Amino acid sequence: MKRDFLSIADWAKDDLLGLLDLSAKMKKEPWKFSHTLLGKSIAMVFEKPSLRTHVTFDVGIQQLGGHSIYLTQTDISLGKRESIYDVAKNLERWVDAVVLRTFAHNTCTEMARFMNKPVINALTNFEHPCQAVGDFLTIGEKFGEPKGRKLAFIGDGNNVCHSLMLMAAQLGMNFVAATPVGYEPDAGVVEWASEAAMESGCTVEITHDIHSAASDADVIYTDVWASMGQETEAEQRRKAFKDFQVNSKVMGLAKGTAIFMHCLPAHRGEEVTDEVIDSSQSVVFDQAENRLHTQKAILYTLLTGD
């Protein structure tokens, strides 16, 4: 039975820990995996532009010995020029997997439903699971076991927030999201994560108080206030989020050993100040590098069955 990587919630705790362990091995000894996807072709279908996701998947596929094909919305025009069903049925005859970066999460789930080959969610408006796995590899490198630590996500309760919350809850890391009123994460995600947190012995909290969220945190995480597709809301969001900037004062509320994280790209001077993102506490480029290693682990797991 084929397997996909669409949501953190679809993968059990032991599976996620296995991905992190494999990622660390691939990072340390990449040559041991250099021919594991020899003869495999992976289609990268991107409706949204990208730097980190595009480069890390493309390079990762090549490092594993596979071949990547990059397709933009101009090439395919999902659901317009051709139905998702027809695109899926064509691609499954030619390639071994699809990496899909799109807007609607339903596009991703439909592609996986129609296609008899693995589909990887490289970002939707609802989740960004590849980012979360890379981030938890980074957290593990800095702190070891995440269990019992505190991750404070400050800003928009968006796709990155959702995936981080789901993964933190499964791995026993206390999670708090501080958002302006009306920008909270999806209630269904919060409910699922809260139930998982009860099993793993951690907490999930949603607040509008940035100071309580940042207090004694091990990780301070933020993202842009207006994501791709929300450009018309940018000015409205700047006003709503003006008190949710991560600056030195906010970082000062966290533990002295705390790290700053951002999935990038960053809008410097908005959600984060230069003094924070360029500080010794910032691990944003470690995160960007680790996307390469964790996505290789995801590809390897889905395409080899190991």
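Biologist: What positive phi does Gly 65 take just after H2?
Modeller: The model is predicted, so local features need pLDDT of at least 70 and side-chain atom pairs pLDDT 80 or more, while totals for chains, interfaces and linings use all residues. Residues are numbered from 1 along each chain as its sequence is written, and side-chain values use heavy atoms, leaving out hydrogens and water. H2, a helix (DSSP H or I, at least four residues; strands are E, at least two; both numbered from the N terminus), covers residues 52–63. Just after H2, Gly 65 has a positive phi of about 95°.

Biologist: Which residues of H2 are buried?
Modeller: Buried means under 20% relative accessible area (exposed is over 50%, partly exposed in between; 1.4 Å probe, protein chains only). Strands S1 (41–46), S2 (67–72), S3 (97–101) and S4 (119–121) are included in what covers the buried residues of H2, as are the helices H6 and H13 (284–304). The buried residues are Arg 52, Thr 53, His 54, Thr 56, Phe 57, Asp 58, Gly 60 and Ile 61.

Biologist: In what order do the five strands of the open sheet stand?
Modeller: Strands pair if DSSP finds at least two bridges between them, and in this open sheet the pairing is parallel. At the edges, S7 (204–207) and S9 (259–262) each pair on one side only, and from one strand to the next the twist averages 20°. The order is S7-S6-S5-S8-S9.

Biologist: Which residue of S9 is the bridge partner of Ile 220?
Modeller: S8 (residues 219–222) pairs with S9 in the parallel sense over four bridges, and Thr 222 stands opposite His 262. From S9, Phe 260 and His 262 point one way and Ile 259 and Met 261 the other, and all are buried. The bridge partner of Ile 220 is Phe 260.

Biologist: At about what angle to S6 does H7 run?
Modeller: Angles run from 0 to 180 degrees between N-to-C directions of axes fitted to C-alpha atoms (for helices, over the stretch in contact). H6 (residues 129–143) lies across S5 (150–154), S8 and S9, at about 165° to S9. H7 (residues 159–171) lies across S5, S6 (174–178), S7 and S8, and its angle to S6 is about 160°.

Biologist: Which residues of H7 make the contact with H1?
Modeller: The axes of H1 (residues 13–28) and H7 come within 9 Å and cross at roughly 105°. Contact means heavy atoms within 4.5 Å, and H1 contributes Lys 13, Leu 16, Leu 17 and Leu 20. From H7 come Met 167, Gln 170 and Leu 171.

Biologist: Which residues touch the most other members of the largest nonpolar core?
Modeller: A nonpolar core joins buried Ala, Val, Leu, Ile, Met, Phe, Trp, Tyr and Cys residues through side-chain atoms within 4.5 Å. The largest holds 60 residues, and H7 gives the most to this core, with nine residues. Apart from it lies another core of 24 residues, among them Ala 178, Ala 213, Phe 241 and Met 251. In the largest core, the residues touching the most other members are Phe 5 and Phe 136.

Biologist: Is Thr 273 buried or exposed, and what is its relative accessible area?
Modeller: Thr 273 lies in the loop between S9 and H12 (274–277). Leaving aside neighbours within four places in sequence, Thr 273 is in contact with Gln 245, Val 246, Asn 247 and Ser 248. Thr 273 is buried, with a relative accessible area of 14%.

Terms used. The expected span of a helix is 1.5 Å times one less than its number of residues.
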